[in-house]
Amino acid sequence: MSTRAGFEWRTAHRLHLPNALTVLRLLFVPVFVWFLAEDGGTDWRWRTAATAVFAAASITDRYDGHLARRWEVVSDFGKIADPIADKALIGAGLVVLSLQGRLWWWMTVVILARELAVTLLRFVVIRRGVIPAARGGKVKTVVQTVAVGLFVLPLPAALDPLCLAVMGVAVVLTLWSAWAYVVAGYRLLRPAA
């Protein structure tokens, strides 16, 4: 392989690997839902399998953004698809857990409504610019991931209050972090002075 061909291959590889990880996370979602929903979520083996898939998908979230920044190949596709993949994974878990009666519906509705509102805001302002993930949004995603992961794990019922407390923190952070997106959207949409 010539030096130029090697450079082009590495460049293309760097451009596509972070986005491929994001797409992979989206593909993990139906597998995660299937495992979590199997036997109504009562079989510890299926829940363990769902936990493994959820963990693998969550790890891709860590590395797609890290690699894109490290290789300086952050793309508009990644800025949009990455949060959508996060929302799909977390949202699917929340809905299944609520359907199984293991998580209060109001928590699921609050989180999903916020996620939908922020996603719509991003699409509304896309002609003016892309709203990247805010630091508060990243912290919110980590706490949501931990909270859903705790509910998915086949833990003893005695730990349910801990799981609910972590999910409560996730709900508060979800609402708090929405404000940063509202401000960023307003700045993009307001008329130039």
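A residue counts as buried when its relative accessible area is under 20%. By this cut-off, in the predicted model, the buried residues of H4 are Met107, Thr108, Ile111, Arg114, Glu115, Val118, Thr119, Leu121 and Arg122. Helix H4 covers residues 105-124. Its 20 residues should span 28 Å at 1.5 Å a residue. The end C-alpha atoms of H4 are 28 Å apart, in agreement with that value.

Helices H5 and H6 were examined in the same way. Helix H5 runs over residues 135-152 and has 18 residues. From first C-alpha to last, H5 reaches 26 Å, close to the expected 26 Å. Of the 18 residues of H5, 13 are buried, so this helix is largely enclosed by the rest of the structure. Helix H6 comprises 30 residues, 160-189. The expected span of H6 is 44 Å; its end C-alpha atoms lie 43 Å apart, which agrees. Buried positions in H6 include Cys163, Val166, Met167, Ala170, Val171 and Leu173. Thr174, Ser177, Ala178, Tyr181 and Gly185 of H6 are also buried.

A nonpolar patch is found on the surface. Val23, Leu24, Leu27 and Phe77 form this patch. Together they have about 350 Å² of accessible area. Helix H1, residues 3-37, contributes the largest share of the patch, with 3 residues. Val23 belongs to helix H1. The relative accessible area of Val23 is 36%, so Val23 is partly exposed; the partly exposed class lies between the 20% and 50% cut-offs.

Phe77 also appears among the contacts of Asp82. Asp82 is located in helix H3, residues 76-99. Its relative accessible area is 18%, and Asp82 is therefore buried. Neighbours within four places in sequence set aside, Asp82 is in contact with Thr22, Arg25, Asp61, Asp64 and Phe77. Thr60 is 22 residues from Asp82 in sequence. In space, the C-alpha atoms of Asp82 and Thr60 are 10.0 Å apart.

The backbone at Asp39 was also considered. Most residues other than glycine have a negative phi. Asp39 is not a glycine, yet has a positive phi of about 55°. Asp39 sits in the loop between H1 and helix H2, the latter covering 44-70. With 46% relative accessibility, Asp39 counts as partly exposed.

Definitions and conventions. Residues are numbered from 1 along each chain as its sequence is written. This is a predicted model: local features need pLDDT of at least 70, side-chain atom pairs count only at pLDDT 80 or more; totals for chains, interfaces and linings use all residues. Side-chain values use heavy atoms; hydrogens and water are left out. Helices (H or I, at least four residues) and strands (E, at least two) are DSSP runs, numbered from the N terminus. The expected span of a helix is 1.5 Å times one less than its number of residues. Buried means under 20% relative accessible area, exposed over 50%, partly exposed in between (1.4 Å probe, protein chains only). Patches are made of residues with over 30% relative accessible area and no salt bridge: like charges are joined within 9 Å, nonpolar side chains (Val, Leu, Ile, Met, Phe, Trp, Tyr) within 5 Å. Accessible areas come from the Shrake-Rupley method with a 1.4 Å probe; for residues, only the protein chains shown count as cover. A salt bridge is a side-chain nitrogen of Lys or Arg within 4 Å of a carboxyl oxygen of Asp or Glu. Contact means heavy atoms within 4.5 Å.
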